[in-house]
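Visitor: Please take one part of this model and go through it closely. I have not seen it before, so explain the terms as you use them.

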Protein chains: 2
Amino acid sequence: MTRKDSAQDDLDPTRRPVTIYDIAQIAGASASSVSAVLNGTWKKRRISARLADRISRIAEDQGYSINLQASLLRRDRSRIIGMIIPKYDNRYFGAIAERFEGMARAHGLFPVITCTQREPALEIEAARELLAYRAECLIVTGATDPERVARLCAASGVRAINLDLPGRGMPSVVSDNFAGARDLTRLILARMAQDFGARPALHFIGGRAHDHNTRERLRGFMAAHAEAGLTVPDGHVIMRGYAAEKTEAAMSGIRLPDCAGLFVNSTIALEGLVRWLVSHRPPPQFRLGCFDWDPFGAFLPQNVGMVRQDVGAMLAKVFDFVEAPPQGSPLVQIPCVLEPFPAARG
Amino acid sequence: MTRKDSAQDDLDPTRRPVTIYDIAQIAGASASSVSAVLNGTWKKRRISARLADRISRIAEDQGYSINLQASLLRRDRSRIIGMIIPKYDNRYFGAIAERFEGMARAHGLFPVITCTQREPALEIEAARELLAYRAECLIVTGATDPERVARLCAASGVRAINLDLPGRGMPSVVSDNFAGARDLTRLILARMAQDFGARPALHFIGGRAHDHNTRERLRGFMAAHAEAGLTVPDGHVIMRGYAAEKTEAAMSGIRLPDCAGLFVNSTIALEGLVRWLVSHRPPPQFRLGCFDWDPFGAFLPQNVGMVRQDVGAMLAKVFDFVEAPPQGSPLVQIPCVLEPFPAARG
DNA sequence: CATGGATGCTCAACCGATGGTGCATGATTG
DNA sequence: CAATCATGCACCATCGGTTGAGCATCCATG
């Protein structure tokens, strides 16, 4: 094989990628013509179809790949849309990431997602990096300190949109956590009445006391109790964070009554609960409901229903804001979907 | 507020980001000095600490953010490492994405992940895009056509590493699907013998017949039957794809014997099975095991165990290859971890 | 006081693509 | 046959950093 078969002789790691100058040389044309042909502006620039054809062919068999670094440097828009997200590995955030990518592509944007492990330092770091790549817009999902990120973006003139958690000074799209939690609490109470003829105040487990979503859900939880004429004792609300281990430990630390109902705040907390269930017998009369959805969560026999956040609707709203920046900093609440499970299963 | 408070007066979307030239102007220094100071090479370039300090301070309060597009264009390395992955929204791929990001950052690389929905066209598209961003290396996870991607990368002189599925012509890191499936099959058979005193040939459900992993797992499934002196009837192997709906439909299409054991090939198939279980009664004597792990899968009462792929070990090997490109195209198999669940639960 | 070496900084050529401007040619018109 | 216009292309500045090379200045040395 001679050196000339360009795209074929691989293996050489020192070979630099083909540029428009290489192609210009081969075609006996100028780099600007090559550029025009390859980015589709050749008609406007009055390049002949003959030359356009020749250049396209050469680019093809040289395996040309545009250098977006260079292209974007020159252009005014990067078409990069960034997202920072706490985790990938649960269904809620997994679904957000996946839908976000799909919708971004559908809008002709290049999505870059970074996962920040709920660590404030990583969030800032990730935001900086996305800004350095000149992202046009940043979607800030479930951030611990969205305002800090918002300031960073504002300083660079980049728009930021909050998802999942609200923040001052930027548009936010969140679930209607209050209504979702209230409805779920009602459901658990109703099922307990139906199955056990009793309606004790429920326990609330998981999340962080200062987290907006947890607060809203707790508010809904309380509202449902209030409307049922129930008072929730202090010890019934247990918020030690989102990690599964923390929930597992918390469960070991309390004594549930013989007839108990549990409001589980997130599938991660549910995972902890489920670990606890392996080694401890649940109370004889036991029901639970979970805020957030997981396909397998439905198969816990005591689970009466799950609240599913409407990821599609949330992202649709986010992209509305991307397309048409809103006035001010609206807070949009998207209704959740309550999925009750069939009764009488355990 | 006067116009001079640079980083503070936000809101103006037409404002261009601050460049090293702006800073040079303010500092009364040259752009090259600013560049040297801001990228840490100033000592080597014999810039005085005094000037370095002044420049740093100015950069700080101008809210300077380097334009990586420009920086990377000039440098030889992009430090971008790309990954294409079929989905985010199951625990296996979610864990891969999350670990990958963490490890990439630990190696000083910028991870960019793209999710391809198992669509060959999207895979190629995504690979092209990552190459256009001049990624230094591409991790190809669970691709439907890894060789095509490999050719694309080779043509650009970019290294590609296969993860989860092997491919010719590039290093591959995959699970030891054969051993994992064999061990899981043994476990299911043993539990059925223990619980029901019977050991019928199991059913295998989920996956695609031409998928490498499915083939290997089927081989392990068969090997375990063979060593137990069992023959697997033709109708027992049902491979109609990975989607949950397909598994659900497939389950409705077969009649399980009264004493049945199921090898479920992936948690996605398990999700389908679980949907089927809602509306249909399982056979009176029923056990299952699942290849792939999910925290909630453990709570299906008939589930005797799950095979967990060792994502940490797989990615560690991948990054070994990233750091030190191997000779040739080795295929590394990483052992899976079988997690048996406590017996006597249903 | 010439010589040599450090010190502190600037100049200018890149990296690869883009697009405004302008120069030849050939075709068309008065 | 000159004037006008369309056609087909090339030239070159530019985007924002990076970096080899080089120019002053200052201090120490013989």
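Guide: In chain B, the axes of helix H1 (residues 20-27) and helix H2 come within 8 Å and cross at roughly 110 degrees. Axes are lines fitted to C-alpha atoms, for helices over the stretch in contact, with angles from 0 to 180 degrees between N-to-C directions; helices are DSSP runs of H or I with at least four residues, numbered from the N terminus. H1(B) and H2(B) are therefore roughly perpendicular (65 to 115 degrees). H1(B) brings B:Ile20, B:Tyr21, B:Ile23, B:Ala24 and B:Ala27 to the contact, and H2(B) brings B:Ala31, B:Val34, B:Ser35 and B:Leu38 (contact: C-beta atoms, placed from the backbone, within 7 Å). Eight of these residues are nonpolar, one is polar and none is charged.

The model is predicted: local features need pLDDT of at least 70 and side-chain atom pairs 80 or more, while totals for chains, interfaces and linings use all residues. Residues are numbered from 1 along each chain as written, and chains are lettered from A and ligands numbered from 1 in written order.

H2(B) also faces DNA: with five residues, H2(B) gives the largest share of the surface near DNA strand D (near: C-beta, placed from the backbone, within 6 Å). Of the 29 residues around strand D, A:Ser30, A:Ser32, A:Ser48, B:Ser32 and B:Ala70 come nearest. Helices H2 (31-38) and H4 (68-74) of chains A and B each give two or more residues there. That surface has 12 nonpolar, 11 polar and six charged residues.

Around DNA strand C there are 27 residues, with A:Thr19, A:Ser32, A:Ala70, B:Ser32 and B:Ser48 closest. H2 and H4 of both chains A and B each supply at least two residues of the surface near strand C.

Key. Ala, Val, Leu, Ile, Met, Phe, Trp, Tyr, Cys and Pro count as nonpolar, Asp, Glu, Lys and Arg as charged, and the others, Gly among them, as polar. Angles under 35 degrees count as roughly parallel, over 145 as roughly antiparallel, 65 to 115 as roughly perpendicular and the rest as oblique. Two residues are in contact if their C-beta atoms, placed from the backbone, lie within 7 Å.
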